[in-house]
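Before working through the assignments one by one, it helps to have the coordinates at hand. The turns below ask what stands behind each label and set the value against its cut-off.

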Amino acid sequence: MKKKDRRIGTCELCGRQDVLTTVHHLTPKEMGGAFEPTANLCIPCHKQIHALYTNDELAIRLNTISLLQADSKISSFIKWIRKQPSSKLPKTKNKKSNSRKSK
């Protein structure tokens, strides 16, 4: 991700304000989403999405913010990250989840 693709704003997934955000393609570019809708996400949320889900999962069943927020795999993370101060970049596990590793 280029530095110019980052800006201070509100994360559309967790709702935290005044955080460094990056552009997330709701349908991955590799799956035809280059010109599809995007969302501005804080870095921890963006990393967590890609740690938990494959591009196939994101393209097929998790291609909107509301679908992501409703998914059980990330909902507990969203609940936790909302409590973290926007002034700090919290440490998150960036490794693939065990369920994703097996795919």
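**Labels and their grounds**

Q: What share of the contacts in the protein with a separation of 6 or more comes from residues 24 or more positions apart?
A: In this predicted model, residues 24 or more positions apart account for 51% of the contacts with a separation of 6 or more, where a contact means heavy atoms within 4.5 Å.

Q: What makes up the secondary structure, and in which pattern does the protein follow along the sequence?
A: The secondary structure comes to five helices and three strands, and reading along the sequence gives the pattern β-β-β-α-α-α-α-α. Of the 103 residues in the protein, 39% are buried.

Q: How do you know that S1 and S2 pair, and in which sense?
A: Pairing requires at least two bridges between two strands, and S1 and S2 have three bridges in the antiparallel sense, so the two strands count as paired. One of the residues involved is glycine 9, whose bridge partner in S2 is valine 19.

Q: How many bridges support the pairing of S2 and S3?
A: S2 and S3 pair over five bridges, again in the antiparallel sense, which satisfies the requirement of at least two because that is the cut-off for a pair. Threonine 21 stands opposite cysteine 42 in S3.

Q: Why do S1 and S3 stand at the edges of the sheet?
A: The three strands form an open sheet in the order S1-S2-S3, with antiparallel pairing. S1 and strand S3 (38-42) each have a single partner strand, so one side of each is left without a neighbour in the sheet. Neighbouring strands of this sheet are turned by 55° against each other on average, with direction ignored.

Q: Why is threonine 22 called buried or exposed, and what does its side chain contact?
A: Threonine 22 lies in strand S2, and its relative accessibility is 4%; buried means under 20%, so threonine 22 counts as buried. Its side chain is joined to that of histidine 46 by a polar contact of 2.6 Å, a distance that falls within the 3.5 Å allowed for such a pair.

Q: Why is there no bond between the sulfur atoms of cysteine 11 and cysteine 14?
A: The sulfur of cysteine 11 has its closest cysteine sulfur in cysteine 14, at 3.6 Å, whereas a disulfide calls for sulfur atoms within 2.5 Å, so the pair is too far apart for a bond. Seen from cysteine 14, the closest cysteine sulfur is likewise that of cysteine 11, and the structure holds zero disulfides.

Q: Are cysteine 11 and cysteine 14 buried or exposed?
A: Cysteine 11 has a relative accessibility of 1% and counts as buried, and cysteine 14, with a relative accessible area of 5%, is buried as well, because both values are under 20%.

Q: Why is lysine 83 called buried or exposed, and where is its place?
A: The place of lysine 83 is in the loop between H4 and helix H5 (98-101). Its relative accessibility is 62%, and exposed means over 50%, so lysine 83 counts as exposed. The C-alpha atoms of lysine 83 and cysteine 14 are separated by 9.8 Å, although the two residues are 69 residues apart along the chain.

Q: What makes the buried residues of H4 lie on the same side of the helix?
A: In helix H4 (residues 72-81), Ile74, Phe77, Ile78 and Ile81 are buried. They cover an arc of only 105° around the axis, which puts them on the same side of H4. On the other side, Ser72, Ser76 and Lys79 are exposed, and the cover over the buried residues includes helix H1 (43-52) and helix H3 (65-70).

Q: What caps the N-terminal end of H4?
A: Aspartate 71 is the cap, with a side-chain oxygen 3.1 Å from the backbone nitrogen of lysine 73.

Q: What is the phi of aspartate 18, and is the residue buried or exposed?
A: Aspartate 18 has a positive phi of about 55° although it is not a glycine, and it is found in the loop between strand S1 (7-9) and strand S2 (19-25). Its relative accessibility of 57% is over 50%, so aspartate 18 counts as exposed.

Note on methods: Residues numbered from 1 in each chain as written. Predicted model: local features only at pLDDT ≥ 70, side-chain atom pairs only at ≥ 80, totals over all residues. Heavy atoms only, no water. Helix = DSSP H or I, 4+ residues; strand = E, 2+ residues; numbered from the N terminus. Buried < 20%, exposed > 50% of the residue type's maximum accessible area, 1.4 Å probe, protein only. Axes fitted to C-alpha atoms, helices over the stretch in contact; angles between N-to-C directions. Arc of directions from axis to C-beta. Polar contact = N/O pair within 3.5 Å; in protein donor to acceptor, adjacent residues only side chain to side chain.
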